[in-house]
Amino acid sequence: MPIINLKISGPEDPALAQQLATEISRITKDVLNKKPEVTAVVVSFVPDYLWFINSLSLAELQAKSFHLDIKITDSSNLKIEKANYIEAIHIALTTLLGNIHPASYTAIQEMKADAYGYNGTTMEYNYTTNQTKPNTVSPGV
């Protein structure tokens, strides 16, 4: 049950936001094994002239950038899965946005199961009361 916040440089574009949300949800399911029905994606756009790298705006650099922040349950994924996720996100966003500046980031935040949840219950509660199936879905959903 990840929550994903994606910041993209450039003007607001609802069609692009939908495309990004769809692709990010697919990658999150395929690489991190998270359930799409509880994956939330929020896309925000920041004008190129307000995004700076080394004190130069992306408008000046004539480049695009992104920052993706995903919260998942602690220890619900292996290191290799997280590394593969970061790579897959970078490839997908480079394909969709083009000309990505190297200072574009993906951050995976692992939240403690007793301090993270949805639908009014923690992930720890869901796991310990067998509300999820441990053999088919990781505790992080």
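**Salt bridges, sheet and core of the predicted model**

The structure holds six salt bridges. It is a predicted model, and confidence in it can be taken up before the details: the mean pLDDT of the chain is 92, with 92% of residues reaching 70 or more. A stretch to read with care is residues 133-139, where pLDDT stays under 50. For that stretch the model has seven contacts beyond four places in sequence.

Among the salt bridges, a good place to start is helix H1. Here the side chains of Glu23 and Arg26 meet, with 2.5 Å from N to O. Both residues belong to H1 and sit three residues apart, which is about one turn of the helix. Glu23 has a relative accessible area of 23% and is partly exposed; Arg26, at 41%, is also partly exposed. Neither residue is counted as buried, because that term is kept for values under 20%.

Two further pairs can be described in the same way. Lys35 is joined to Glu37 by a salt bridge whose closest N and O atoms are 3.8 Å apart. Lys35 is partly exposed, with 26% relative accessibility, whereas Glu37 is exposed at 59%. In the other pair, the side chains of Lys71 and Asp69 meet at 3.7 Å, N to O. Asp69 has a relative accessible area of 11%, so this residue is buried. Beyond single pairs, salt bridges with shared partners link Glu23, Arg26, Lys29 and Asp30 into one network.

Turning to the sheet, four strands form an open arrangement in the order S2-S1-S5-S6, and the pairing is mixed. The edges are taken by strand S2 (40-46) and strand S6 (105-111); each has a single partner strand, so one side of each is left without a neighbour in the sheet. From one strand to the next, the twist averages 15 degrees. S5 and S6 run in the parallel sense and pair over seven bridges. Within this part of the sheet, Ile72 stands opposite Glu110 in S6.

Helices pack against these strands. H1 touches S1, S2 and S5 as it packs on the sheet, and its direction makes about 135 degrees with that of S2. H3, in turn, lies across S1, S5 and S6 and runs at about 145 degrees to S6.

The nonpolar interior comes next. In soluble globular proteins, nonpolar side chains tend to be buried together. In this model the largest nonpolar core has 20 residues, and those with the most contacts inside it are Ile24, Leu68, Tyr85 and Leu93. Two or more residues of this core come from each of strand S1 (3-9), helix H1 (14-32), strand S5 (66-73) and helix H3 (79-97). H1 gives the largest share, six residues.

What does Ile24 touch, leaving aside residues up to four places away in sequence? Its partners are Ile4, Leu6, Val41, Leu68, Tyr85, Ile89 and Leu93. Apart from the largest core lies another, of five residues, and among them are Trp51, Ile53, Ala63 and Ala103.

How values were computed: Residues are numbered from 1 along each chain as its sequence is written. This is a predicted model: local features need pLDDT of at least 70, side-chain atom pairs count only at pLDDT 80 or more; totals for chains, interfaces and linings use all residues. Side-chain values use heavy atoms; hydrogens and water are left out. A nonpolar core is a set of buried Ala, Val, Leu, Ile, Met, Phe, Trp, Tyr and Cys residues joined through side-chain atoms within 4.5 Å. Buried means under 20% relative accessible area, exposed over 50%, partly exposed in between (1.4 Å probe, protein chains only). Contact means heavy atoms within 4.5 Å. Two strands pair if DSSP finds at least two bridges between them. Axes are lines fitted to C-alpha atoms, for helices over the stretch in contact, and angles run from 0 to 180 degrees between N-to-C directions. A salt bridge is a side-chain nitrogen of Lys or Arg within 4 Å of a carboxyl oxygen of Asp or Glu. pLDDT is the predictor's confidence in each residue, from 0 to 100.
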